[in-house]
Amino acid sequence: MGTRIEDVSGGTKANDILLRDFTSKFRSGYKRVFPLGDSGKRSGKGYLLPDYFCDYEKQIREMEIRPDDVWVASYPKTGTTWTQEMVWCIGNDLDFEAAKSTILPLRFPFIDFSCLFDFETQPAEALNSSFYDFLKNSVNFTINMKSPRYIKTHLPYELLPEQMKSKNTKIIYVARNPKDTCVSYFHHARLIEGYRGSFEDFIELFLQDSVSYSPFWDHLVSYWEHREEANVLFLKYEEMKRDLPSVIRKVSKFLGKEQLNDKDMKTLCDHLSFDSMKTNSSVNYEFAVDKTQNLGLSQGEQRFMRKGKVNSWKEEISPDVAERFDAWIENNLNGL
Ligand code: A3P
């Protein structure tokens, strides 16, 4: 389908915050990416992505898709890691030993990671890591994986590889309520992405569709429109919190796996519980947090596995701001 790409420059409040507080030696600036044939269909704003997206766009769009690929797609901070671990364990017949001994980014790489951070041209110490190849070029790393590939992406549906649409690749999308997503994204941005601004400014960015992968609603709708297709499964974080076994049953069926017996179901639910994932070094991203702290990129004091709750935004978003959010939600849901 192709894209039209515009530079993001200063001059609006959101862009000024973005360029002042959300760039670093690992991120030079941002673009607005307009999928062709789709602009105007939704907000018409174009997706905000770091500059490096341009270096990988063609390679991602043209990559070869394999029939047994499984993709987990999401807007950031909506429960991606939790969903990945669930999908990987079900897809690999509950091989907990392998799940614990190999970190998630190597089992289930984030293909567009290199669109977010420049680890390729940065000092060698940034790359001194057991997952050197992934950090250097997450797209090549993912393309060269052995089958069956499990792939994470935050890209919206329109920016996925072209072949996914004709090859009926399995895609599992996970969504979460935007207030919790925004609060989680703020802490993540400080912890891992080098964001130096205030919470108030981050909310401004979020509501102005000006953090990476926004607009939130365009992203969500881009997958929602495909939810009825046999190769697409649409999940919600809140549903996983409310009734994980029923989501596990849905995912097992979707992946063509036998349903788990009660004992295995309990073992998997225990493995996927927040407390267990929080202390599981294969999925809790402590290695990434340590790295960003060493590189001076981290301003945060929280951990990746932070709260894991529904509606914990109430502890951080004031009633006034919540009202702004509600107006934004209503405005965006209008007509859907
Ligand atoms: P909070 O910051 O609200 O705690 P992602 O993986 O897309 O980056 O999403 C991260 C969010 O999912 C974080 O939310 C994290 O704590 C939460 N999370 C991760 N594992 C979880 C689990 N097993 N149960 C519930 N929430 C989980």
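1. What should the 15 residues of α19 span at 1.5 Å a residue, and how far apart are its end C-alpha atoms? The expected span is 21 Å. The end C-alpha atoms are 21 Å apart, so the two values agree. Note at the outset that this is a predicted model.

2. Which residues of α19 are buried? They are A322, F325, W328 and I329. Seen down the helix axis, these buried residues fall within an arc of 120°, so they line one face of α19. The spacing fits a general rule. An α-helix has 3.6 residues a turn, so residues three or four places apart point the same way. The other side of α19 carries exposed residues: P319, D320, E323, E330 and N331.

3. What does the buried face of α19 meet? Its buried residues pack against α11 (178-192), α12 and α13. Just past the end of α19, G335 takes a positive phi of about 90°.

4. One ring pair deserves a look here. W217 and W328 have ring centres 5.7 Å apart and planes at 55°, so the pair is tilted. W217 lies in helix α13 (residues 216-224) and W328 in helix α19 (residues 319-333), so the pair ties together parts that are 111 residues apart in sequence. Both partners are covered. W217 counts as buried at 8% relative accessibility. W328 counts as buried at 10%.

5. Is α13 mostly covered or mostly exposed? It is mostly covered, with 8 of its 9 residues buried. The buried set is F216, W217, D218, H219, L220, V221, S222 and Y223. Charged and polar side chains are on that list too, including D218, H219 and S222. W224 has a charge over its ring: the charged end of R227 sits 3.8 Å from the ring centre.

6. The aromatic inventory is worth checking as a whole. The structure holds 34 aromatic pairs. One of them joins F134 and F141 in an edge-to-face arrangement, 5.8 Å centre to centre with 80° between the planes. F134 has 4% relative accessibility, so it counts as buried.

7. Now the nonpolar cores. The largest has 70 residues. Within this core, F22, F119, F202 and F206 have the most contacts. Helix α12 (residues 199-207) gives the most to it, with 6 residues. F119 touches F26, F113, A126, L127, L135 and L295, leaving out residues up to four places away in sequence. Another core lies apart from the largest one. This other core has 39 residues, among them F96, M240, L272 and Y285.

8. Strand β2 (residues 30-35) holds V33. At 0% relative accessibility, V33 counts as buried. Which residues does V33 contact beyond its neighbours within four places in sequence? They are T3, R4, I5, G46, Y47, L49, F53 and L159. One of these contacts, R4, also appears in a charge-over-ring arrangement: its charged end sits over the ring of F34, 4.1 Å from the centre. For a long-range distance check, V33 and L297 are 264 residues apart in sequence and 26 Å apart in space, C-alpha to C-alpha.

9. Backbone geometry next. Most residues other than glycine have a negative phi, and most peptide bonds are trans. Against that background, two cis peptide bonds merit inspection. A cis bond joins S147 and P148, with omega of about -5°. P148 is in the loop between α9 (138-143) and β5 (150-153). A cis bond also joins S214 and P215, with omega of about 5°. P215 is in the loop between α12 and α13.

10. Which asparagines take a positive phi? N168 has a phi near 55°, although N168 is a residue other than glycine. N168 lies in the loop between α10 (162-167) and β6 (170-175). N311 has a positive phi of about 70° and is not a glycine either. The loop between α18 (286-294) and α19 holds N311. Is N311 buried, partly exposed or exposed? At 35% relative accessibility, N311 counts as partly exposed.

Technical notes: Residues are numbered from 1 along each chain as its sequence is written. Side-chain values use heavy atoms; hydrogens and water are left out. Rings of Phe, Tyr and Trp (its six-membered ring) pair if their centres lie within 6.5 Å; planes under 30 degrees apart count as stacked, over 60 as edge-to-face and the rest as tilted. Buried means under 20% relative accessible area, exposed over 50%, partly exposed in between (1.4 Å probe, protein chains only). Helices (H or I, at least four residues) and strands (E, at least two) are DSSP runs, numbered from the N terminus. A charge sits over a ring if NZ of Lys or CZ of Arg is within 6 Å of the ring centre and within 35 degrees of the ring normal. A nonpolar core is a set of buried Ala, Val, Leu, Ile, Met, Phe, Trp, Tyr and Cys residues joined through side-chain atoms within 4.5 Å. Contact means heavy atoms within 4.5 Å. The expected span of a helix is 1.5 Å times one less than its number of residues. The arc is that of the directions from the helix axis to the C-beta atoms.
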